[in-house]
Amino acid sequence: MTENRVDELVKECKRQEESCMYTSAGLYIWQKRATLWKNIFVVAPIILGGVASSQILAGTGEGWAEYVAAGLALLAGFFPAIFEALGMDMRAREIGAAAGEFTNLRDRFRQLGNFSADATFEDLSPQFEQLMDRMDSVRQTAPPLPERFFEKGRKKIAAGDYDFKADS
């Protein structure tokens, strides 16, 4: 009976390891995308405002240049509002922190599952429960992973991007 409980706990460690692996991979991909968009929305208004106020447009003497400058200045002013309205403040640091914690948990579940086959259920269970408490905590604070990033992470894992030479 005890051996069966240990086997089931080791299987659950493998399930949690896999779950953490997919989640962390998706979160890292999402973090890269969030950082890119955040940088675009910070840099673009600076560039647009600079071009709008540049002497290049003002010195052309063309009537259309004033309209272009006004349009660029207006667009530069819209970027922060668009960024907020679309909820694009994706908290790249929070996403990265969650990805790091899921990666740590992946490794801990793997280690617990691999090195605990000879342990008793009484020794293994408290360690597993401690890891599950950490998992519950990170799940409560991590932003929900969009499906498209989960799928991209899954494809990267299936392609072998996260395989280790030591495992081959």
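Throughout this tour, a residue is called buried when its relative accessible area is under 20%, exposed when that area is over 50%, and partly exposed in between, with a 1.4 Å probe and protein chains only. The model is predicted, so local features need pLDDT of at least 70 and side-chain atom pairs count only at pLDDT 80 or more, whereas totals for chains, interfaces and linings use all residues. Residues are numbered from 1 along each chain as its sequence is written, and side-chain values use heavy atoms, with hydrogens and water left out.

Select Val-43 to begin: this residue is found in helix α1, residues 2-52, helices being DSSP runs of H or I with at least four residues, numbered from the N terminus. At 42% relative accessibility, Val-43 counts as partly exposed. Now add Val-42, Ile-46, Ile-47 and Val-51, which together with Val-43 form a nonpolar surface patch with about 430 Å² of accessible area. Patches are made of residues with over 30% relative accessible area and no salt bridge, nonpolar side chains (Val, Leu, Ile, Met, Phe, Trp, Tyr) being joined within 5 Å and like charges within 9 Å.

Turn next to the interior, and select Leu-27, Phe-102, Leu-105, Phe-109, Phe-128 and Met-135, the residues with the most contacts inside the largest nonpolar core, which has 26 residues. Such a core is a set of buried Ala, Val, Leu, Ile, Met, Phe, Trp, Tyr and Cys residues joined through side-chain atoms within 4.5 Å. Helices α1, α4 (92-115) and α5 (121-141) each supply at least two of its residues, and α1 gives the most, with nine.

For the charged pairs, a salt bridge is a side-chain nitrogen of Lys or Arg within 4 Å of a carboxyl oxygen of Asp or Glu, and by this rule the count comes to nine. Select Arg-134 and Glu-101, whose side chains meet in a salt bridge at 3.0 Å, N to O; the pair links distant parts of the chain, with Arg-134 in helix α5 and Glu-101 in helix α4, 33 residues apart. Then select Asp-107 and Arg-110, which form a salt bridge with their closest N and O atoms 3.0 Å apart, and add Arg-106, which is linked with both in a network of salt bridges.

Finish at helix α6 (residues 147-158), which gives the most to a positive patch, with three residues. Select Arg-33, Arg-148, Lys-152 and Lys-155 to see this surface patch; Lys-155 is exposed, with a relative accessible area of 61%.

Key: Accessible areas come from the Shrake-Rupley method with a 1.4 Å probe; for residues, only the protein chains shown count as cover. Lys and Arg count as positive and Asp and Glu as negative; His and the chain ends are not counted. The place of a charge is taken as NZ of Lys, CZ of Arg, CG of Asp or CD of Glu.
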